[in-house]
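Trainee: Could you pick one helix here and walk me through it closely? I'd like to see how it sits among everything around it.

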Amino acid sequence: MNEEVLSNKLSATERERIAHSSLRLWPVACVTAACAVLAGYLALVGSNAIYLGWSDALSFLPRTRLWVRFWLTVRTSALATCFSLLVGIPAGYALSRFRFPCRTLLATLIDLPVMVPAAAVGVFLFGVVKSFPVRQVTELLGVRFAHNANGIVLVQFAVTVAFCARLMKASFDAVNPRFEQVSRSLGASLPGTLLRVTFPLAKNGIVASAIVVWARAAAEWEGLMLFVGGTMAKTDVMPFSVYLDWNGGMMGWVVTFSLVCVALAVTSMAAARLIGGRSYVW
Amino acid sequence: MSGSFQRLFGKRAQAHLVIAAFYAVTVLLLIASCWLFVSNLDQLFAKAPAGTVAGMERWKSDGPSRAEFGGGFWRDPAFWRSVNLTVVTATATMLIAALIGIPAAYALSRYRIPGRAGVDVLLSSVIVLPSSSIGLCMVIMLQQSPLFGLQQATGIRLVYTLPGIVIVQLVLSLAMGMSAWKAAFDRVNPRFEHVARSLGSSAWRAFITVTLPAAKPGIIAGLIVAWVRAAAEFGGILLFCGTFAERPAGSFSPLTRLLGLQQADPLSVNMWAQIEYGNVEYGFAVGFTLVLISAVSVYTIHRLGGRTFVW
């Protein structure tokens, strides 16, 4: 009887196997879904490229109006990236190596600006700028944030700094702490170990993360809209010009700006991927 | 310089100094992160009594008054409709993203599809794409391509409608969700699945009984990432859907009104609109609601320990 049950079961699974292997439904469905996703994203970018057209692209691309905004974007986001790296590298190392109580809770607090909509971060910057330490320091230095490039850098920094710390944590996680322990046990000092062992090993990850942070800063718009405001040819970085010119109805310019943004995003992501293996936010 | 540094402090003191510096930067970042939100709490309290400026009509004079905490947001039915709309659209987006994204992520993780690296780059570049660009690309894809003819032929309209919110949220939420799901599948050893297949189970059964349970925390983390990204979407919705709050109630379908989604914007758009029109306390209250939603989801992701790969 036992054998009978066993053979029944076997034949059932066998039948199922044959039914499925002849159809191969699940692998086909998976690959179809992947192709659909790819087609969707390609259509998103491709339809815009077709809409703009080659001759229009050639006429818009050499104009100064584009390049003023392009270099403004590059400059401000490069500056914001520098500030983010100054905070992000030590913070990322600490998050990766040190153990402290309530890690999950504290990590959540640090990560909040990554997940809160950038528009909300821009709004919340009003309180920071108006309140105790920042206000006194900026008054002393004579820095103003409203309607100028300082404001752009501040918003980009606020949006990217936690993101940067997270990516740096991932870069340092990829370095085995044993190497550091060996270096320390052989008599090297901690700064020496960091400079000669940890940073060289994490170099690729750090450079790739810096590129991604730069791309994220260059893509910032919502926070700017509320905190800095749009002044034509002064505070309109490229994502912002997309919105301003959209409201102005200049479709050619809008699509050109938008496609340049897409090109920046894809190029920087491809560069990051080429330089350093993988990185994660959480 | 390093030598004099070493002479001044011993090796151990040096190490302590460096560690202390790293801790200090982290604590500074933590404090700044909290201060970003805490320093705005006073914006919730009304400072001046509500009054009308001569010659300036107050926006939505039948709406919330400025003279109380948070503009009295909890008594405003529009606020609750807005919360409802955010939850409903984000959940719908998450479900659609999971339906397409989980099989797609599985395929990208398991099968040798040609051009996988290109797909990865494309997906991760969506994360650093400006939201204004996403919104614009969506408008042009749906209004200026053969898809517009398809919409007219079927009578379905997507731009400036409530389903449009889901479509535009899907762009970013699918990309981020897929990176999390792909990482979750990458972490499951394909050998387990091969063993299940060699013991006679089908590819589907091996996926359902072996791979899916093993990848469960990462998959749930991906669902949360997809949900919270959808709930946080702002720029794309602004360009693709505009705002719904000022439209006449009659222009919404009976189903929309039954679900209580009429005349409401997603929370992020609502926050922007309130602040732009001078309802600052109300806008900050909506902003803090968003912060609360994000905080709960980020904490859950951390507890689950999912990984969202950027590239």
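Mentor: Let's take helix 2 of chain B and work outwards from there.

First, some housekeeping: this is a predicted model, where local features need pLDDT of at least 70 and side-chain atom pairs count only at pLDDT 80 or more, while totals for chains, interfaces and linings use all residues. Residues are numbered from 1 along each chain as its sequence is written, with chains lettered from A and ligands numbered from 1 in the order in which they are written.

Chain B has 14 helices and zero strands (DSSP runs numbered from the N terminus: H or I of at least four residues for helices, E of at least two for strands). Our helix covers residues 11-38. With 28 residues, helix 2 of chain B reaches 40 Å from first C-alpha to last, close to the 40 Å expected at 1.5 Å a residue (the expected span is 1.5 Å times one less than the number of residues).

Now look at what's buried along helix 2 of chain B: Phe22(B), Val25(B), Thr26(B), Leu29(B), Ser33(B), Leu36(B) and Phe37(B). Buried means 20 or more other C-beta atoms within 10 Å of the residue's own, exposed means 12 or fewer, and partly exposed is in between, with C-beta atoms placed from the backbone. An α-helix has 3.6 residues a turn, so residues three or four places apart point the same way.

What do those buried residues pack against? From chain A, helix 4 (64-97), helix 5 (103-115), helix 6 (118-130) and helix 8 (149-173), plus helix 14 (280-304) of chain B itself.

That fits into the wider interface, which takes 81 residues from chain B and 87 residues from chain A, contact here meaning C-beta atoms, placed from the backbone, within 7 Å. Helix 2 of chain B supplies the largest share of chain B's side, 16 residues. That side of chain B has 54 nonpolar, 23 polar and four charged residues (Ala, Val, Leu, Ile, Met, Phe, Trp, Tyr, Cys and Pro are nonpolar; Asp, Glu, Lys and Arg are charged; the others, Gly among them, are polar).

Stepping back, buried residues make up 50% of the 311 residues in chain B. Of its contacts with a separation of 6 or more, 77% join residues 24 or more positions apart.

One cross-chain spot is worth finding too: leaving aside neighbours within four places in sequence, Ala215(A) is in contact with Leu264(A), Ala265(A), Ser268(A), Met269(A) and, from the other chain, Val128(B).

Conventions: Contact = placed C-beta atoms within 7 Å.
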